[in-house]
Amino acid sequence: MATSQLKIAMSNLRIRLAEIQSREDQAETLINQFRTQLRRLPRQVVYGTVSLDASITAMGEIEERLNDALATHRWILELKKTAVYELEALELVGQG
């Protein structure tokens, strides 16, 4: 691989890693948000601000979204691992 092609490939991977990191941060924020909502809902039932049925329905919906966010986070981490591996490989080639 020519040096300029190598530099372009490494630059593209760094950009992709930045995108992946941004998505990872978003996923983590979403996961924390859903966990907070799940923690707060039972108190709202106890203090009568939300009905029991509405709370159970909401908790099911939140848990479903949480599971989706956790799966997305797992996939993002897998993509990140692959991108880091590829970048490290290209950096080694560039040093040689």
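**Group meeting talk: two helices and the salt bridges**

Let me start with one pair of side chains: Glu 78 and Lys 81 make a salt bridge in which the closest N and O atoms are 3.7 Å apart, where a salt bridge is a side-chain nitrogen of Lys or Arg within 4 Å of a carboxyl oxygen of Asp or Glu. Both residues sit in helix α2, three residues apart, which is about one turn of the helix. Helices here (H or I, at least four residues) are DSSP runs, numbered from the N terminus.

Before going on, I should say that this is a predicted model, in which local features need pLDDT of at least 70 and side-chain atom pairs count only at pLDDT 80 or more, while totals for chains, interfaces and linings use all residues. Residues are numbered from 1 along each chain as its sequence is written, and side-chain values use heavy atoms, with hydrogens and water left out.

Back to our pair: Glu 78 counts as partly exposed because its relative accessibility is 44%, whereas Lys 81, at 53%, counts as exposed. The cut-offs are that buried means under 20% relative accessible area, exposed means over 50%, and partly exposed is in between, using a 1.4 Å probe and protein chains only.

Now, how do α1 and α2 pack? The two helices pack at an angle of about 160°, and their axes are 8 Å apart; such axes are lines fitted to C-alpha atoms, for helices over the stretch in contact, and the angles run from 0 to 180 degrees between N-to-C directions. That angle is why α1 is described as roughly antiparallel to α2, since angles over 145 degrees count as roughly antiparallel, under 35 as roughly parallel, 65 to 115 as roughly perpendicular and the rest as oblique. Sorted by class, the contact of α1 with α2 has 29 nonpolar, five polar and ten charged residues. In that sorting, Ala, Val, Leu, Ile, Met, Phe, Trp, Tyr, Cys and Pro count as nonpolar, Asp, Glu, Lys and Arg as charged, and the others, Gly among them, as polar.

How many salt bridges does a search of the whole structure find? The search finds four, and I will show you two that connect the helices. In one of them, Arg 14 pairs with Glu 91, with the closest N and O atoms 3.1 Å apart; Arg 14 is in helix α1 and Glu 91 in helix α2, so this pair links distant parts of the chain, 77 residues apart. Arg 14 is partly exposed at a relative accessible area of 41%, and Glu 91 is also partly exposed, at 29%.

In the other, Glu 24 pairs with Lys 80, the closest N and O atoms being 2.9 Å apart. Because Glu 24 lies in helix α1 and Lys 80 in helix α2, the pair ties together parts that are 56 residues apart in sequence. Glu 24 is buried, with a relative accessible area of 7%, while Lys 80 is partly exposed, at 25%.

Glu 24 also appears around a histidine. His 73, found in helix α2 (residues 52-95), counts as buried at 14% relative accessibility. Not counting residues up to four places away in sequence, His 73 touches Glu 24, Ala 27, Glu 28 and Ile 31, where contact means heavy atoms within 4.5 Å.

Finally, please look at Ser 55, which lies in helix α2 and is buried, with a relative accessible area of 2%. Leaving aside neighbours within four places in sequence, Ser 55 is in contact with Leu 41, Val 45 and Val 50.
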